[in-house]
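Colleague: I am new to this model and would like a close look at one part of it, the second largest cavity and its surroundings. Please describe the lining and then the elements around it.

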Amino acid sequence: MAVYSKVEQRRAPSNTKGILHWLRDNLFSTPLNVALTALGIAILFWVIPPFVKWAYTDANFAGSTREDCSGGGACWVFVRMKIDMFMYGFYPSAERWRINTVYGFFFIMMVLFKYLKSASLKILLAHVYFIVGYFLVSGGFFGLEHVPTDKWGGLMLTIVVAAVGIVAAFPLGVILALGRASHLPIIRSISVTYIEFIRGVPLITILFMSSIILPLFFPEGVTFDKLLRALIGIAMFEAAYIAENIRGGLQSIPKGQYEAADAIGLSYWQKMGLVILPQALKVAIPNLVGVSIALFQDTTLVMIIGLFDLLAMVRLSAADSYWLGYETEGYVFVTFIFWFFCYSMSNFSQKLEKRFNTNLR
Amino acid sequence: MSDNIIEIKKLNKWYGDFHVLKDINLNVKKGEIIVVCGPSGSGKSTLIRCINRLEEFQEGSIVVDGIELVDDVKKIKAIREEVAMVFQHFNLFPHLTILDNLTLAPTWVKKMPKKQANELAMKYLTRVNIAEQANKYPNQLSGGQQQRVAIARSLCKSPKIMLFDEPTSALDPEMVAEVLDVMIELAKDGRTMVCVTHEMGFAKKVADRIIFMDAGQIVEENTPENFFKNPESDRLKLFLEQILSH
């Protein structure tokens, strides 16, 4: 038998670190990987230079008329001249400061969120934001001109539909998820029926139903805002998907957590609100953000019921006889805007996951 | 009769067709420390989980501190306020700090002001020798530390009865002692304790009575002294032979 002396800690050998080592490990480790790396570089060479040539080198940025587009590349003059349409739709020009103010409030709120500790204060602030935002954009009080929703459009409408859709669908989704996990057969079957019905129907159908079929059931003379109907339809649709994602989170919570919460005497709602849901939602963050990103893209479907979101405004502008032939620029611009929003949400999701990660070592 | 804090009469429970608990009769006096042992699958965990209604039962009755355990949310709540439980797998809430784990029940169930709840929590954390970890999260602690936090959490309710469901069987051997030390220390308080455990040394040291269960029924009930020296039933003799042979 033998006794061994203590071995001191030391650093990992330096030849396992550094950029060269990373390159060798990740890009050139096997002949197949060398070939794939070469292929990847070839594709980049084939795609990027022509795009840069079109979008930047040969493009026209200055000017205000069709005649200024002489470079042979992209004509961003079109986007520049139509940018107000893309951003605000038919919202009266003189009133657009109101929308910008609401955007500004959003950033102020985000900064406040960084410094506020209390969760209930944050929730209150978010509610106040939505109410103030609604009154500012819609108007009709304090001498602000009323702007009916059929004048709303462009990116602003896209954001309204996505934000209201997600925010309104969330509580309903939580309740449906809890209902589906409930031991009470009636509540469970109502939730299951709702979720499975909604998930079996495409969003387009629901939008058509809410905009065309629903009014048939109203008494004559009663009208109901078209945007509001679409929002209700979207929120109901999203709630089913949110519920399923939260259910996935709920199922990942060990039984012991429920038992411990019961054993310390929490009521059902306390148990769910304080112990189970915070953990389940944390697990569900990536999927919930996935749903939100999908919804942001699905907002473009409101075009078919006559609402003019960002994409619809671009289509409309490209159909302007003076600017015929420049729809590519418009769509590239839309692509960029959508990418920017979706990528931001995706980044936000990763930040949230990091922030709520308590599985520290 | 009235000095019994737990009275279990003719308790029967089935999982589907499987008869887990058979005619259990057990009275626990106030301040008594009971150890329940037996082979796995003998129903000992199920029995103590019936006492705070984590498990339902089909026949018989359980009365805890004068409250009959029936299908009534209010009565279940009343019993759960008096009975605390420590689990095999600790079941701390991983999304809350140690301190928040402890203050959850006082602030939400007993509606205690936050400051007072914090003081109470720190008092019990000090008692289980872990006050310096108050602001960490459960996953940053070792198993033994987590189990001590779980004990402190259940103490925060100032329970009349504490149930222990194999509190040391998920721990590394080096950590069993620190948890047992805390439990022995608690036993001096005069609080009623019912412990399901395989720690025979602990049983010998603190138990007033040891209950031996097998196949869903109580086989033998004895004082610690006689339990080990003069076991009466053959089943217990066999059990002791097996666990003490190594």
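Modeller: By class, the lining of the second largest cavity comprises six nonpolar residues, one polar and one charged. The model is a predicted one. The residues concerned are A:Ala260, A:Ala263 and A:Ile264 from one chain, and B:Met85, B:Phe87, B:Ala150, B:Arg153 and B:Ser154 from the other. The volume enclosed is about 40 Å³. Two elements, α10 of chain A and α5 (143-155) of chain B, each supply at least two residues of this lining. The greatest share comes from α5(B), with three residues.

The count of cavities of 30 Å³ or more comes to two. The largest cavity holds about 60 Å³ of space. A:Ile264, already named in the lining of the second largest cavity, also lines the largest cavity, together with B:Glu81, B:Ala105, B:Pro106, B:Val109, B:Lys110, B:Cys156 and B:Lys157. By class, the lining of the largest cavity has five nonpolar residues, no polar ones and three charged ones.

B:Met85, one of the lining residues of the second largest cavity, leads to a sheet of chain B, for strand β6 covers residues 83-86. The sheet is open and has six strands, in the order β6-β7-β8-β3-β9-β10, with mixed pairing. Its edge strands are β6 and β10 (217-222), each of which pairs on one side only. On average, neighbouring strands of this sheet are turned by 20° against each other, direction ignored. Within the sheet, β3 (residues 33-37) and β8 (residues 192-196) of chain B pair in the parallel sense over four bridges. In this pairing B:Val36 stands opposite B:Val196 of β8(B).

Helix α2 (residues 73-82) of chain B lies across β6 and β7 (161-165) of that chain, and runs at about 65° to β6(B). B:Glu81, from the lining of the largest cavity, falls within the residue range of this helix.

Both α2 of chain B and α10 (255-263) of chain A also give two or more residues to the lining of the second largest pocket, as do α6 (154-181), α9 (226-251) and α11 (268-298) of chain A. That pocket has a volume of about 1400 Å³. Its lining consists of 34 residues, of which A:His183, A:Tyr258, A:Asp262, A:Tyr268 and A:Lys271 lie nearest the centre. These lining residues divide into 14 nonpolar, six polar and 14 charged.

Terms used. Residues numbered from 1 in each chain as written. Chains lettered and ligands numbered in written order. Predicted model: local features only at pLDDT ≥ 70, side-chain atom pairs only at ≥ 80, totals over all residues. Heavy atoms only, no water. Pairing = 2+ DSSP bridges. Axes fitted to C-alpha atoms, helices over the stretch in contact; angles between N-to-C directions. Contact = heavy atoms within 4.5 Å. 1 Å grid on protein atoms, 1.4 Å probe; cavity = no way out; pocket = protein on both sides within 12 Å on 5 of 7 lines; lining within 4 Å. Points joined across faces, edges and corners; volume = space filled by probe spheres on them. Nonpolar A, V, L, I, M, F, W, Y, C, P; charged D, E, K, R; others polar.
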